[in-house]
Structures are given as C-alpha cells and as structure tokens.
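Work through the exercises below with the structure in view. Each task is followed by a solution in steps.

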Amino acid sequence: MSFQVDKKGYYGKFGGAFIPEMLYPNVKNLEDNYLKIMESDAFKREFIDLLKNYVGRPSPLYYSKRLSHKYNINLYLKREDLNHTGSHKINNTIGQILMARHLGKKRIIAETGAGQHGVATATVCAREGLECIVFMGATDVARQMPNVEKMQMLGATVVPVQSGNKTLKDATNEAIRDWINHPNETHYIIGSVVGPHPYPDMVARFQSVISEEMRSQLQEQTGSPLPDSIIACVGGGSNAAGAFYHYLDEKSVRLIAVEADGLGLETGETAATIAAGVTGIIHGSKTLLMQTDDGQIIEPYSISAGLDYPGIGPIHANLHDSHRAEFVRATDDEAMDAAFELTQMEGIIPALESAHALAALPKLNFKKGETVVVNLSGRGDKDMEAYRKRLIKNTELSANKPAEKNEAADMWRAEHRIPENKSQSGANEVNGLFVP
Ligand SMILES: Cc1ncc(COP(=O)(O)O)c(C=O)c1O
C-alpha cells in the first residue's frame, strides 16, 4: 500500500481537486507542470542552494539530554525553529516562489494563521521583488502581532479577515476568493498540505527535506537512519508530512501526529479534526473536517493560531484511515506546560504549535531507551504574549497556595543568602522560577 498521492490526486479516498471553474486553468497548469519543474536541474540547483545559504539548512538534530532522562528515552529535536524566519514554513515558500517564477506569475497571495507562513511568504516575495498579499483572520492578527509587523516591514499587505471566527479557515476562504478574482496573474502560495491537488503533494515534497536530513543525521549520531518514533504537531499537517515523508514506508517507525485539543474534546472547544471530524470537502480537498450534519463547518478552537483549523491535509486523513500513523491530542494547558518544560530544561522557547508535539511525550508509552524525534517546527518569539499571560496566571495561583518545597531553589537561596520567595533582583518565585 502506498501512502503517496496517486495519479488522480488522491491519498486512499481523500484528496482530489474540488474547485470552482474559474480556478480550473490555474490548478490544471500547476498539476501539469509542478513535477517537471521540481525535477529540472535548474530548479533543484537553486532550491538546494537557497535552503543552504538563505534558510540555513540543514537544521540541527539536537540530543535533548535532560528530557531524555526525564522520559527514559533518547530524545532528539529537529530544530526547524532555527531556520530563517523561525519555522519550517520557509522550506515550502522558497519552493513555491521558484515555482511561481517558472509559471510566470507576478502576484502572490497567501493565507496565514500563526503568521509564520505569512512571514515566510512575505520574505521570499521581498527577495524576488513580487507583490505579496497575506490574508489573516482578525483574531490571529491580534494574537500574533509580532508577525504582522514583520510582514508589513517586508512590504506585504496584510488583510485582516472579519468573517467566521476570524482565524485560519476564514483567511483561507478569503485567499481563495481573491484568487478567483485574479486568476491569471496570481500564484496562491498555500501554507500547508491542504487545498486542491497538486498542492498537498507539492508542499509535502518541499517539506520532505526535514526527514531527508533526519535520516542522515540519525545515521551519524545513532548509527541508524531509523528512529523508533517521530512526533509532530498537525494543523494542516505540513511539518508532520515533512517529518514523516521519508519514513512512510518504514513500518518499524512509529509516526505520531498531535492535534490541538483546545479546552478538551468534551467541551466542543477543540481543533482536533481527526478526533472530531467526518469526511467532507474543505478548501478544494476531500478530507476529514469538523462539520455539522447539514455540512456547516464547526468553528475550531485552539490557543495556537497555527493549529486552529477545522480540516487536515488528505495525506493525514489517509494515514489515520490506514492506521499508519497514530493521532493523539494535547490541550492548551498541556501545550503550555510542555512549552515551559522545554524552555526551562533545555533553554529553547518553542512555538505554541510545536509545544503540542512536546506535550505528547508524557502521554505515550515508549520502550525504555528508544529513539524518539520531535519535530520542533518553530520558535516561540511570536507567542511571548501568551507565555507572559501564563507567567502572570502562575504568579496569581502560587500567591494563593503554599509554595511547594523546591530543594534546588532552597540550596541556591542559602548559598546566596536570599530570603524565601525573593530572587536576588527582588523577583517573586513561582514553581522554582523567578518572575518579575
Ligand atoms: C511553528 C508552526 N508549527 C506548526 C504549524 C502548523 O502547520 P502545519 O500543520 O502545516 O505544519 C504552524 C502554522 O502556522 C506553525 O507556525
């Protein structure tokens, strides 16, 4: 059984291209040419050069000693957070901007949730000197402001979308509407493995550099290209598709995708599409999605703008259907805890999206000492406002409960002659961490 797309654009029973007639020539043109272009020597040379010298690839594979110890495994982090612009999204936008040039397109549009895909698109447009319009839900504009400002500085027009619950789905609707109105001159740089065929396959191929590098890095560091498990978060599913790609046919490798569960499946405030979804059509593709019995989209919810999407790429719907991958869920709170754990144990502040992947670690049964790779899809700069709120909440909680015994902090205070609950700078202590 193949987990790749078939000639008709399907992964098992999912995929296809369900598009309005106006877009047919664009999508057909892309379908007819994308593989020829991607496989040409000129394209490959430029793509590989830009990934190396502009993005900074290969991204490191980092052995996390302290978390390995905590979870009794050998844990490696694939550091997509260290890419130029701060996430895996740039792998795809570099590929698609070259594709747009080969197709002769002069105007670029994109949707964005967390703003990482918007920034990555605005970046490659600045480099290529092309007009760039990014659609972003108004809720996401407010919660990911650092990325909005970056896009504007890069010269992109950011259009806040006011429909629906003003998040990623609504931004994608608006981008498709714009594309229908300007089909001739526009290339739509879709940011995930979603949309009509051939987008899911094209984006997965661009992101497959992640697992291609993982194989040689694991070979070098562990003596085998194969880990026991790979964990990645899924919104539309592009970082997970990239991390799984070169392992899809390696049945010994456990593939684990983590969905955003918001406040929890039972509350209905969730973005866990695999858990809460049924088969339907969204944004040009047949896949699993959250919808009512009469076909209305159910508004998703997650604290993470990049995972707050009611659908999922057809490749993942099929990986679930065929039982090739496992899908687990992580709530807002679990992701927050995981983000603080990584920050305080490894000195790496992850994106809230990536924190969902980390949040799966305590939920899964691993064999002692097995090799686990977590795809750290992005860095947390854009999420500092959410993290700051959590710090304040922790402070308030700890003010109302007796402090837990923290022997390391007590020893440190004794050594530095600092009274209890005060740091050297006078900051308060919360869970062994000093906050202003
Ligand atoms: C850092 C990061 N990780 C993950 C995602 C989710 O997207 P995907 O599922 O396509 O990887 C996003 C989306 O914005 C993101 O910014």
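**Exercise 1. Find how strand β4 and strand β14 pair, and over how many bridges.**

Solution. The model is a predicted one.
Step 1. Locate the strands: β4 covers residues 74–79 and β14 covers residues 371–376.
Step 2. Compare their directions: the pairing of β4 with β14 is in the parallel sense.
Step 3. Count the bridges: there are six.
Step 4. Take one bridge as a check: Lys78 has Asn375 of β14 as its partner.

**Exercise 2. Give the strand order of the open sheet that six strands form, and name its edge strands.**

Solution.
Step 1. Read across the sheet: the order is β3-β4-β14-β9-β10-β13. The pairing is mixed.
Step 2. Look for strands that pair on one side only: these are the edge strands β3 (61–63) and β13 (325–330).
Step 3. Follow the twist: from one strand to the next it averages 25°.
Step 4. Add the helices. Helix α13 (residues 314–321) lies across β9, β10 (254–260) and β13, and its direction is at about 105° to β13. Helix α15 lies across β9, β10, β13 and β14, at about 140° to β9.

**Exercise 3. Describe the open sheet of four strands and the helix α8 that lies across it.**

Solution.
Step 1. Write the order: β7-β6-β5-β8, with parallel pairing.
Step 2. Mark the edges: β7 (157–161) and β8 (186–188) each pair on one side only.
Step 3. Give the turn between neighbouring strands: it is 25° on average, direction ignored.
Step 4. Inspect one pair: β5 (residues 107–112) and β8 are joined in the parallel sense over three bridges. Ile108 stands opposite His187 in β8.
Step 5. Place the helix: α8 lies across β5, β6 (131–137), β7 and β8, running at about 160° to β5.

**Exercise 4. Describe how helix α2 and helix α4 pack.**

Solution.
Step 1. Choose the quantities: two packed helices are described by the angle between their axes and the distance between the axes.
Step 2. Apply them to α2 (residues 41–55) and α4 (residues 89–103): the angle is about 140°, and the axes are 10 Å apart.
Step 3. State the hand: the crossing of α2 past α4 is right-handed.
Step 4. List the residues in contact. α2 gives Phe43, Glu46, Phe47, Leu50, Leu51 and Val55, while α4 gives Ile90, Asn91, Ile94, Gly95, Leu98 and His102.
Step 5. Sort them by class: eight are nonpolar, three polar and one charged.

**Exercise 5. State which domains the chain has and how many residues of each are in contact.**

Solution.
Step 1. Take the bounds from the domain assignment: domain 1 is 11–53 + 88–202, and domain 2 is 58–86 + 206–384.
Step 2. Give the separation: the C-alpha centres of the two domains lie 22 Å apart.
Step 3. Count the contacts: 40 residues of domain 1 touch 43 residues of domain 2.
Step 4. Name suppliers on the side of domain 1: elements with at least two residues there include α4, α5 and α8 (168–181).
Step 5. Sort that side by class: 18 nonpolar, 19 polar and three charged residues.

**Exercise 6. Describe the shell around the ligand.**

Solution.
Step 1. Count: 20 residues surround the ligand, and the closest are Gly235, Ser238, Gly306, Glu353 and Gly378.
Step 2. Assign elements: α5 (116–128), β9 (229–234), α11 (238–244) and α15 (352–359) give two or more residues each.
Step 3. Sort by class: five nonpolar, 14 polar and one charged.
Step 4. Relate the shell to the domains: domain 1 and domain 2 each contribute at least three residues.

Key
Residues numbered from 1 in each chain as written. Predicted model: local features only at pLDDT ≥ 70, side-chain atom pairs only at ≥ 80, totals over all residues. Near = placed C-beta within 6 Å. Nonpolar A, V, L, I, M, F, W, Y, C, P; charged D, E, K, R; others polar. Domains from an automatic or database assignment. Axes fitted to C-alpha atoms, helices over the stretch in contact; angles between N-to-C directions. Left-handed = near helix turned anticlockwise from the far one by under 90°. Contact = placed C-beta atoms within 7 Å. Pairing = 2+ DSSP bridges.
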